[in-house]
Amino acid sequence: MQALILAGGKGTRLRPLTVYTPKPIVPICNRPFLLYQIDTLRRAGIKDITLSLSYQPQKIEQQLGDGSDFGVNLKYTVEPQPMGTAGAYKYAEDLIREPTVVFNGDILTDIDLKAVIREHTKRKATATIVLTPVENPSAYGLVETKKDGRVARFLEKPTADEITTNNINAGTYILEPKVLDYIPAGENHSFEYGLFPNLLERGEEFYAHIPQRTYWIDIGTPERYLQAHQDLLADRVGRIHIKERRGQFDAATIAELDELSMIGDDCVIKPGAQIINSVLGPGCYIEEKARVENSIVWAHTRVGAGAQVSGAIIGRGCHIGRAATVNAGTLLGDKTSLTDYSQTGGGAL
Ligand code: GDD
Ligand code: MG
């Protein structure tokens, strides 16, 4: 078994965070996102992993290298232009020799992959797709199944009147190499609109795997990116636990850092500052009496004295001026500078 991670999307819904940082390596609790997927694969004994890239590939290669630091063997393919999800898999054809676990590169999950692989093998499936229930399937791929576990219908981004089940495509597949023959070469092609409906038309052995008690979230929107952090901080992600909440940093004894918060290396936290249920990237500087609550702050950002930051995501190298109020739902791109006393959203007007 080998793996392919689809990590070529532009991450448009996470802009401005993804302007300088491609979505696959946005930090989640101060680790590049893809490391969580690499951990999941390694736990299932899969070390031969191909990353399928398109947008800002050098940044991803630079961070992850050949994978030896993470106990895996990473290879890369870079499409000249995005080929679509199935097109990206086809483009990596020369590297695919075995049944392959394919991951959408923006899914945080603690799935037990070994169980998925066992079921796939037992059923002699051509393709297995993992499903997860969500409240509103309209932003996802809806998947209807039959009693025996076969996929009955696949409908990407259903409209409200097309919703017949809460089960959606969780963005994890096991594919036998023979499906490569069903994908046209050199063209943009999608699993969701192309290959999956095609497998059903051909009557292939296409099965669904519905895991029990498994955490799942697509981190591809700001709300869910923040939610993933809140879940990790609260230790609500069954098999994924944060190892180190505190890096090597400098905090005044009269600063208040709650137990949930995660603080990166080389941060400086001044007297009277409060950090509540938040993540600070490395090298942040939090001045006197500033308060950061329910927020994610990327590396090397400075929060001025008395500033209040709540429910926000703040990019790298930002400067929040003194006594500024940054309210819930605020999303600031890298290097944003807010003048002293600024107020964002919810309140001033
Ligand atoms: N290499 C490459 N090339 N990767 C791509 C391309 C491409 O052209 N297009 C998308 N990807 C990658 C993205 O980087 C992402 O990791 C993954 O494929 C899925 O793309 P998204 O753009 O995030 O799709 P989505 O979230 O709207 O929907 C998909 O995921 C849902 C689960 O989160 C679909 O697979 C849905 O059916 C599914 O429910
Ligand atoms: Mg997505």
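The largest pocket in this predicted model has a volume of about 810 Å³. Its lining takes in 36 residues, and G9, R13, T85, D106 and E192 are the ones nearest the centre. Several elements chip in: β1 (2–7), α3 (85–91), β11 (167–175), α5 (191–201) and β13 each supply at least two lining residues. Of these, β11 gives the largest share, with three residues.

Then there's the second largest pocket, with about 460 Å³ of space. Here 22 residues make up the lining, with R31, I242, K243, E244 and M262 nearest the centre. Helix α1 (34–43) and strand β16 (262–263) each supply at least two of the lining residues, and α1 gives the most, with four.

Here are the two linings by residue class.

| Pocket | Volume | Nonpolar | Polar | Charged |
|---|---|---|---|---|
| Largest pocket | about 810 Å³ | twelve residues | 15 residues | nine residues |
| Second largest pocket | about 460 Å³ | eight residues | four residues | ten residues |

Next, the metal. Which residues coordinate the magnesium ion (ligand 2)? That job falls to D106 and D218, each through OD, at 2.1 to 2.3 Å. D106 sits in the loop between β6 (100–104) and β7 (107–109), while D218 belongs to strand β13 (residues 216–218), so the pair ties together parts of the chain that are 112 residues apart in sequence. Are these two aspartates buried or exposed? D106 has a relative accessibility of 9%, so D106 counts as buried. D218 is buried as well, at a relative accessible area of 10%. The metal site also links back to the pocket: D106 is one of the residues nearest the centre of the largest pocket, and β13, the strand that holds D218, supplies at least two residues of that pocket's lining.

On to the sheets. Six strands form an open sheet with parallel pairing, in the order β14-β17-β20-β23-β26-β29. Why is one side of β14 and of β29 left without a neighbour in the sheet? β14 (250–251) and β29 (337–338) stand at the edges, and each has a single partner strand, so one side of each stays unpaired. At the β29 end, two bridges join β29 to β26 (residues 319–320), with the strands running parallel. In that pairing, H319 stands opposite S337 of β29. As a general reminder, strands of a sheet pair through backbone hydrogen bonds, either parallel or antiparallel.

Strand β23 (residues 302–303) of that open sheet contains R302. With 33% relative accessibility, R302 counts as partly exposed. If you want a sense of scale, R302 and Q81 are 37 Å apart in space, C-alpha to C-alpha, and 221 residues apart in sequence.

Elsewhere in the chain, strands β4 (residues 48–53) and β5 (residues 73–78) run parallel and are joined by six bridges. One of the pairs is L53 with its bridge partner V78 in β5. To get from β4 to β5, the chain passes through helix α2 (residues 57–64), and this β-α-β crossover is right-handed.

Key. Residues are numbered from 1 along each chain as its sequence is written. Chains are lettered from A and ligands numbered from 1 in the order in which they are written. This is a predicted model: local features need pLDDT of at least 70, side-chain atom pairs count only at pLDDT 80 or more; totals for chains, interfaces and linings use all residues. Side-chain values use heavy atoms; hydrogens and water are left out. Two strands pair if DSSP finds at least two bridges between them. A crossover is right-handed if, with the strands pointing away from the viewer, the path from the first strand over the helix to the second runs clockwise. Donors are N, O and S atoms within 2.8 Å of the metal (3.2 Å for Na, K and Ca); water is not among the atoms, so sites may look incomplete. Buried means under 20% relative accessible area, exposed over 50%, partly exposed in between (1.4 Å probe, protein chains only). On a 1 Å grid over the protein atoms alone, a cavity is a set of points where a 1.4 Å probe fits but cannot get out, and a pocket is an open set with protein on both sides within 12 Å along at least five of seven lines; lining residues have an atom within 4 Å of a point. Grid points are joined across faces, edges and corners, and a volume is the space filled by probe spheres set on the points. Ala, Val, Leu, Ile, Met, Phe, Trp, Tyr, Cys and Pro count as nonpolar, Asp, Glu, Lys and Arg as charged, and the others, Gly among them, as polar.
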